[in-house]
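This report looks at contacts between two chains and at charged pairs within and across them. The model is shown below.

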Amino acid sequence: IMCASAKYNTRGPALIPRMKTKHRIYYITLFSIVLLGLIATGMFQFWPHSIESSSDWTIEKRSVHDVPVVKLPADSPIPERGDLSCRMHTCFDVYRCGFNPKNKIKVYIYSLKNYVDEYGTSVSNTISREYNELLTAISDSEFYTDDVNRACLFVPSIDVLNQNALRIKETAQALAQLSRWDRGTNHLLFNMLPGGPPDYNTALDVPRDRALLAGGGFSTWTYRQGYDVSIPVYSPLSGEVDLPERGPGPRRYFILSSQMALHPEYRSELEALQAENGESVLILDKCTNLSDGVPAVRKRCHKNQVFDYPQVLQESTFCVVVRGARLGQAVLSDVLQAGCVPVIIADSYILPFSEVLDWKRASVVIPEEKMPEMYSILQSVPQRQIEEMQRQARWFWEAYFRSMKAIALATLQIINDRIYPYAAISYEEWNDPPAVKWSSVSNPLFLPLIPPQSQGFTAIVLTYDRVESLFRVITEVSKVPSLSKLLVVWNNQNKNPPEDSLWPKIRVPLKVVRTAENKLSNRFFPYDEIETEAVLAIDDDIIMLTSDELQFGYEVWREFPDRLVGYPGRLHLWDHEMNKWKYESEWTNEVSMVLTGAAFYHKYFNYLYTYKMPGDIKNWVDAHMNCEDIAMNFLVANVTGKSVIKVTPRKKFKCPECTAIDGLSLDQTHMVERSECINKFASVFGTMPLKVVEHRADPVLYKDDFPEKLKSFPNIGSL
Amino acid sequence: MQTRKKYIFLTFLAAWLLLFSFGGDQLRRFAFFSGRKTEARRNWPRWTDRSLLKSFANPEELQSDGDPSLPSPRERRAARLNVYKNSRCRMETCFNFSRCEKHGFKVFTYPRERDQPLSESYSKILTSIERSRYYTPNPEEACLFILSIDTLDRDHLSSQYVWNVDEKIRGFPLWNGGRNHLIFNLYSGTWPNYTEDLGFDIGQAILAKASFYTQNFRPGFDISIPLFSKDHPQRGGERGWLYQDSVPPKKKYLLVFKGKRYLTGIGSGTRNALHHIHNGKDIVSLTTCKHGKDWEKHKDTRCDKDNVNYEKFDYQELLHNSTFCIVPRGRRLGSFRFLEALQAACIPVLLSDGWELPFAEAIDWGKAVIVGNEKLLLQIPSIVRCIHPERVLAFQQQTQFLWDAYFSSVDKIVHTTLEIIKDRLLPHRSRSRFLWNVLPGGLLALPEFSTHLGDFPFYHLQRGSSPSEKFTAFIRVISPSGSLSQPLLRLIQAVSGSQFCAQILVLWSCEKPPPPSGKWPQTSVPLNIIQGRGKVRGAGLSDRFFPYAAIRTDAVLSLDEHTSLSTSEVDFAFVVWRSFPERIVGFPARSHFWDPEQRRWGYTSKWTNELSIVLTAAAFYHRYYHSLFTGYLPAGLRELADGLAACEDILMNVLVAAVTKLPPIKVTQRKQHKENVPQQVGCKEGSAETPPAGEQSPSPQRSPPAKVKGTAGGRRFSQQQDCLNQLVDWFGYMPLVSSQLRLDPVLYKDQVSVLRKKYARLERP
């Protein structure tokens, strides 16, 4: 079975076979022209005939009144009432959904019919604007299928958004005669205004058997957790009024109530709050003496003062959302749109999409009985949190309340997440506003683990042809007690590595990997030979590091396994004249990078470098034969949000006898190139992830007046 | 080449022409079937009159949703109380919130009766509660009640089943229909159908039960707990088994199961099918028929072969070496296997339909387990194969975090249960789901401190924020003279000279009143004096970690009056702290070690190559730790710290290490060639012996230092060792972590010009 996941290669960088490109392109073009022609012809010739069976779908110019009429006999079956014990594993048929690589459910929509009773009277109103929008959204979405046989979820086109507009028994009969009804299994109904006088049930009263209900006013007693979906009551004002987002911060009123038909008891409690706290509480009501033509729904009044609704909501920090006859209130949507923090006073109400949305981050829920304490409760919310809640409220509206499309897709996604839980959308994706998603990091090595010392580290030496120097490095590094393996990456394709007998004899396994191409990224490939977590990347000319220094570096890495821990420190600076980043190799008081010419890091970052490097950085580095170390610094800092650790005072790394060997010198062009790399990477990452610090790590007793022989790491060189 | 090209081209051309000329029915039908996929989808129609459609409700109806004929809210709430009882209980109908208002969240356990034997697990639960900061011996104060009757095992075939519970409960005057009671249960029901019946009427009590079935679960009221064995440790608990993060996971097996196969009865459906996915290579699924007395009666053809295979593998070995572990339902929905796999970092693949997962109200299980479907067992191999290696790594780490935060001991399980209930009492002062599911976890993130994530030291990276740029210097003064000493004045000058200092607070813990404000030095930052609360609460050294409202910056620089620091030391340490806001960053360090001779932990102030404690006589840390110290630790532990010399220091370090699992950070300190300050006699007897904060003179000591005996200093050390050992006992493990490094300025003691160095003053002798 094919996975959706990207397979990755564990063998090593492979040489891509050269293709006979010229011929290929020719054949492909030829094929496609012919094929396209065939398809076009086929469509042109046969299209109108082939879809006779479902012609009612394709004729675009059609009115909702112009749909087939279906007569419901008086004795046609009625579904059972909703089954309160339904759960996904009991009432839902998962076999219909199947395993597919995309992990997406398929949703089918029944075509629109006009149901009439025996006397020819319509059972319900024509489809509402909102329900039509909802079905259009589903139909345009990735979830949609037009093939009833492949569907996992069925959405009737019978509009039950508002129970007030329904003839309950007949609607139920209409549902029961749907072609795949089967006791409502895998059927999804959308309802926003449930119940009706006198008892105002909190779930749709239409008998619906096993059908799932996406309802806008569930109470904890009617909501079948993990089966139903709680949705908002859509506010059509959202589409009509454009309220630009207002920056978070203090507002004119602290608490505002804008609902019109509040129960007198609630109203008197609110008024008591106002009497106590004065101007900062504003309680609005319906306007009584509006001139004709002004829509009452767009105005609110306090005494004789008239306010525009919903604009007035933006004037307050908190906005009260009290239950009415029903639990779900459309005003919640308006309040969120205004970026006002909702104060929800509706005991036992299941908040919209509460299965995935963390309402504690966007609202304050207060029990009805605690209404008199509302003011003090709200005052205890820290100011910085209020600001975050305001942003969060607006984000919830934009993502999940704004349109019927948003509501429909969130509902389907929730159901999708239940059926494919291993591919579900995460808490962060549901709840974090884009600004937070952008600025936050999620460290892939988040667990605070100090890897056991016994594991040791693998040293990787990238080399081309400096055999003599390489052998010296190997000999030096092999003296480090925690070294567990040495890997030489032989990057020279024109020359064979020295014979086995010529290599230095060392106490740990030494492996030579030959690469297919001379690329810098070969240094960072996650070779299978690397069996330890810790990797020491070391250049073939770094011979001055003492065994103590290296061992200490490894110990530091163990305390910071998610960072680059290295010896040569570098800094990036903002060049105010040139308005861009600049690379700095002077000995300064600050460090933001360590070069991978001598650095410890986690093997995981090899995996990231090879497979997850953003943009074209990896190829760019290979093409320029430079800056692989800077790229690694960017990558690690970007994914962890943490700084590097420079260890020990060592700052000089080029030995006098090996300076003149190749072109990677310290001259001016080199610095310019390195600066260019920083600017290039910063633009690809879209940010500057490097963190500047002023510290380095030394052994606890470094330079302390203490007998050297008692120090764990006495031989720490200077500069 | 040329000819081949030509031929192909011609063939296609011919085919094209053929299709053009033939328009017959046969081809039409052919096209209908084959062209099905390329056809445009039959979408929901774009109705011509869609813009004329009416809204689902008129605006009036939406905005004034009221009905004057309805009963008043108060009546409605009263009526609700009678309807929603027992199986329909919710917090608002079955729980008396008013009991919790006056004294806060206090838990009472019924006195244990002598003739009532308790199972090991239940007495551990009761002990956990009695040791917790919520415990009250006074039922009048209590918000929540816990029975002394062991209700863990309600399988009436079990020897631990307690009979006549109903009768006993009715005799309790506090029972009150079960209101505000919490009942723990691990096993309910029995063979053959294992209904979740407890055998007595729990009334309106909250049920904390293992293997909860969603349909019986009262959402927002009951709590699902994990099944744990009687050997589950009381406190501390074993750590998880993940020692290294590797991608791809270097485990021998992909998916394993080893367990019983039920031949009949409930749960056999799933267990009978498990052998199908066994491939003998990376998927090992072994079942045995051997269980119960009469298994041979139901034995089928597979049994003998299966039983042989079963013996070839060791359960522990599989657990250690597999990436995923199948956790199927047993007779009941939950199993020991769940926690075992979690601890082993073997990602649980659940096959237990309808199981309300443990603490699902708080824990986001989607990040740590694969919730499979019993019906779709055969899909499991492909599902787990398709999970990206980096997600596998994230799952593994999350299992370890959850195990360690909520499950590794009975204490943690009980506390998680209590905190979930407590969060319901004050929804506006409760933890968001985020806090529960991110390190260090909900138990260590107190909503009483703040509900704003940025106020905690832990979440800056995840939120893209950073800690505040100023610190509060907090100096504790206990000298009896009543006047200001020279070192103190110097300290105030040095600290106030830091550009990062926001204010100086002096905690005056002396009987004598502090000198009048005129006597204090003039500083560029506000200097305020707090009167110690010592008098109010008895001698309390841990007073210095009280969350004083006057501390408003994230960073606290905790100081003693004898501490000697320079401005550049303070500046450097603060800059370092900003990189490690969750740790203690400071100057004088100590270390702990295991003393194999005495079989106890030792504590030393000698110079060593390692450190695990940074003294709070000169250290930066986050102000949240004041709240955690005072709000999280039970009063008994703080009293213990008060009773021993310099123990509060160790306690603070142990606490922070328990939270972060990381060592503190030592920064470099200018060497001081001053004679040790003579031991100060505290203003309150026996309470004020604190070691001088400077580095002590060197005395070579590599591993366990020789035991110090006799001297006054020796007594203090033995007290500190006692303190350390008692804390380890209380925590159940040794939380301290050692570090081998010290952070110095980048150019520290380098042979470069002093002018280049930002912290040159640090190097002056």
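How many salt bridges are there between chain B and chain A? In this predicted model, the count between the two chains is 20 salt bridges, and the structure holds 75 over all chains.

**The interface**

Chain B brings 152 residues to the contact and chain A brings 172 residues. About 14,900 Å² is buried between chain B and chain A, with carbon and sulfur atoms giving 57% of that area. On the side of chain B, the three residues that supply more than any other three are B:Arg42, B:Trp44 and B:Phe56, which give 7% of the area that chain B buries against chain A.

Across the interface, 75 residue pairs are in polar contact, counting pairs with both residues at pLDDT 80 or more. Helix α14 (residues 389–407) of chain B gives the most to the side of chain B that touches chain A, namely nine residues. By class, that side has 62 nonpolar, 39 polar and 51 charged residues.

Strands also pair between the chains. Strand β25 (residues 695–699) of chain A and strand β23 (residues 741–745) of chain B run antiparallel and are joined by five bridges. Within this pairing, A:Asp698 has B:Arg742 in β23(B) as its bridge partner.

**Individual salt bridges**

Side chains of opposite charge can pair when their charged atoms come close. The table gives four such pairs.

| Pair | Closest N to O |
|---|---|
| A:Arg326 and B:Asp65 | 2.8 Å |
| A:Asp140 and B:Arg46 | 3.1 Å |
| A:Asp616 and A:Lys680 | 3.2 Å |
| B:Arg133 and B:Glu419 | 3.1 Å |

A:Asp140 forms a salt bridge with B:Arg46. This pair crosses between chains, from helix α4 (residues 129–140) of chain A to the loop between α2 (25–34) and α3 (59–63) of chain B. A:Asp140 is partly exposed at 43% relative accessible area, and B:Arg46 is partly exposed at 30%.

A:Asp616 forms a salt bridge with A:Lys680. The two are 64 residues apart, A:Asp616 in the loop between α16 (604–611) and α17 (617–624) and A:Lys680 in helix α19 (residues 668–685) of chain A. A:Asp616 is partly exposed, at 35% relative accessibility.

Is the salt bridge partner B:Glu419 buried or exposed? B:Glu419 counts as buried because its relative accessibility is 1%, under the 20% limit. B:Arg133, at 15%, is buried too. B:Arg133 lies in the loop between α6 (120–131) and β2 (144–146) and B:Glu419 in helix α15 (residues 410–425) of chain B, so their salt bridge ties together parts 286 residues apart in sequence. Both belong to a network of salt bridges that also links B:Lys422, B:Asp423, B:Arg431 and B:Glu448.

Definitions and conventions. Residues numbered from 1 in each chain as written. Chains lettered and ligands numbered in written order. Predicted model: local features only at pLDDT ≥ 70, side-chain atom pairs only at ≥ 80, totals over all residues. Heavy atoms only, no water. Contact = heavy atoms within 4.5 Å. Buried area = accessible area lost by both parts, 1.4 Å probe. Salt bridge = Lys/Arg side-chain N within 4 Å of Asp/Glu carboxyl O. Polar contact = N/O pair within 3.5 Å; in protein donor to acceptor, adjacent residues only side chain to side chain. Helix = DSSP H or I, 4+ residues; strand = E, 2+ residues; numbered from the N terminus. Nonpolar A, V, L, I, M, F, W, Y, C, P; charged D, E, K, R; others polar. Pairing = 2+ DSSP bridges. Buried < 20%, exposed > 50% of the residue type's maximum accessible area, 1.4 Å probe, protein only.
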